[in-house]
Amino acid sequence: MPDASTPVAGDHESLRDALVRGNATLARIGPILAHLMAAPDHSLFSDEIIARIRGMCHHLAWQVLRAQAEAAGQAGREAFAERHGAALAEHMLATPGLLAHCHALALEWQLTERLETQYGIDPVLSPLVQELIASEDSGLASSAMASLTAQARFAQAQRRMELPLAELPGDIFHDLLMNWRAYSGQLRSDAMIRAEAKLRNAFDEGAGRIALMSRVIASMGGEGRRALDIDHGGAAFYLTALATRTGQSRVAAVLSTNHEQTARLALGLRGAGLDSAEVERQVLRIDPKAVPPREIAEMPPEAARQILSESASAGVV
C-alpha cells in the first residue's frame, strides 16, 4: 500500500485533468481575441481589456511610423504616424504573439488595480521593493531601484493605454518589425530600412521592466520566494517570481491568476517552493472564492513543475 504521506497517482491525474480543462479555456483566448479585435461590437468581452490592447497596439504602430517619418526627413512626423497608424495597428493585431503579450499586460494591470482597491497594495512601491532598495548589497539595491523606475513607467503607460517599443520582449520586438515589413510589402523604402536599423540598434531587451525584475529575483536566490507573498511583493514581482521559479512563461503566470485557472496557479506556487498552507493563502488572496486543490498538500515541488511542463508542451501558453 502507498505511504499516507505520498500523493497517489490519482491525485496527480486529477490535477492533470484540471490543467487539460484549463488548457481548453486558454486555447480559445487567441481566436476569441482576434475575432473581438476585428469586430465593431465588443460587448462579449471586457471593454477595458479590449481598449487597453488596442491602445497598446496603436501606440506601437505610432512609434514605428514616427521612426519611419524621421528617417525620411518628413516635417510632420506625428501627423504621418496618426494618418497611417490605425491601419498598421489593425495589421499588428493579427499577430498572435503580440496579441498574447498585450493581453497579458492588460490582465496584469487589471490585477494590479484590483489588488490596490481590495488590499491597498501599492501598484509601484511594494514592501519588498522598499526592503531591496535599502539592501547592503549595492548591486541588488541598484537593480531594485531600476525595477522600481521601470514599474512606475509601466503604471503610467498602462493608464495611458500605451506600450513603449523598448518594453517588448526580444522575440516580440523582432516579430513586430517583421510584421511591419510584411505590411509594407513591395513599398518598403530606404527610409523604412534606415528606420528599422535605428530601432534595432537602440533596442535593449535587458533594460526592460520584465528583464530587470527577473534579474532581481535571480539575484535574491532562495530569498526570491518572498516575492510570492503578493501583499509583500506586489503583483509585478509576484508574477515574475512565479514565472522564473517554475520555468513558465510570464504570459502563463499571468493567465494562471484567472478564476478558472486555480489548479494552474496552485501548481505554480507549489512548484515555486511554497508549502500547502502558503499556496492556499496566496490562491485565496487572488480569488477569495477559489477552492485550492487538496492534491497539492503532499506534492513535491518538482512534481508540480513537471505537471506544468507537461501542460506547457501542449503549446497553449
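This report looks at the cavities, one bent helix and two cysteines of the structure above.

It's a predicted model, so local features need pLDDT of at least 70 and side-chain atom pairs need 80 or more, while totals for chains, interfaces and linings use all residues. Residues are numbered from 1 along each chain as its sequence is written, and side-chain values use heavy atoms, leaving out hydrogens and water.

**Hidden spaces**

Rolling a probe the size of a water molecule over the atoms shows where empty space is left. Here a cavity is a set of points on a 1 Å grid over the protein atoms alone where a 1.4 Å probe fits but can't get out, and lining residues have an atom within 4 Å of a point. Grid points are joined across faces, edges and corners, and a volume is the space filled by probe spheres set on them. Searching the whole structure turns up two cavities of 30 Å³ or more.

| Cavity | Volume | Lining residues by type |
|---|---|---|
| Largest | about 120 Å³ | ten nonpolar, six polar, one charged |
| Second largest | about 50 Å³ | four nonpolar, one polar, two charged |

In that table, Ala, Val, Leu, Ile, Met, Phe, Trp, Tyr, Cys and Pro count as nonpolar, Asp, Glu, Lys and Arg as charged, and the others, Gly among them, as polar.

The largest cavity is lined by 17 residues, and D122, P123, G234, A235 and A236 are the closest to its centre. Helices are DSSP runs (H or I, at least four residues), numbered from the N terminus. α5 (96–119), α7 (138–159) and α11 (230–246) each bring at least two residues to this lining, with α11 giving the most, five.

Around the second largest cavity sit H101, L105, F154, L163, E167, R209 and I210. Both α5 and α10 (209–220) supply at least two of its lining residues.

**A helix with a bend**

Follow α4 (residues 77–92) and you'll find a bend of about 50° at G85; that's the angle between axes fitted to the seven residues ending there and the seven starting there. G85 is also buried (under 20% relative accessible area, with a 1.4 Å probe and protein chains only), as are F80, A81, L88, A89 and M92. These buried α4 residues pack against α3 (47–71), α5 and α8 (170–184), where contact means heavy atoms within 4.5 Å.

**Two cysteines, no bond**

Why is C102 not bonded to C57? The sulfur of C102 is 4.2 Å from that of C57, its closest cysteine sulfur, which is too far for a bond. A disulfide needs the two cysteine sulfur atoms within 2.5 Å, and the whole structure has zero of them. C57 is buried at 0% relative accessibility, and C102 is buried at 0% too.

How values were computed
On a 1 Å grid over the protein atoms alone, a cavity is a set of points where a 1.4 Å probe fits but cannot get out, and a pocket is an open set with protein on both sides within 12 Å along at least five of seven lines; lining residues have an atom within 4 Å of a point. Buried means under 20% relative accessible area, exposed over 50%, partly exposed in between (1.4 Å probe, protein chains only).
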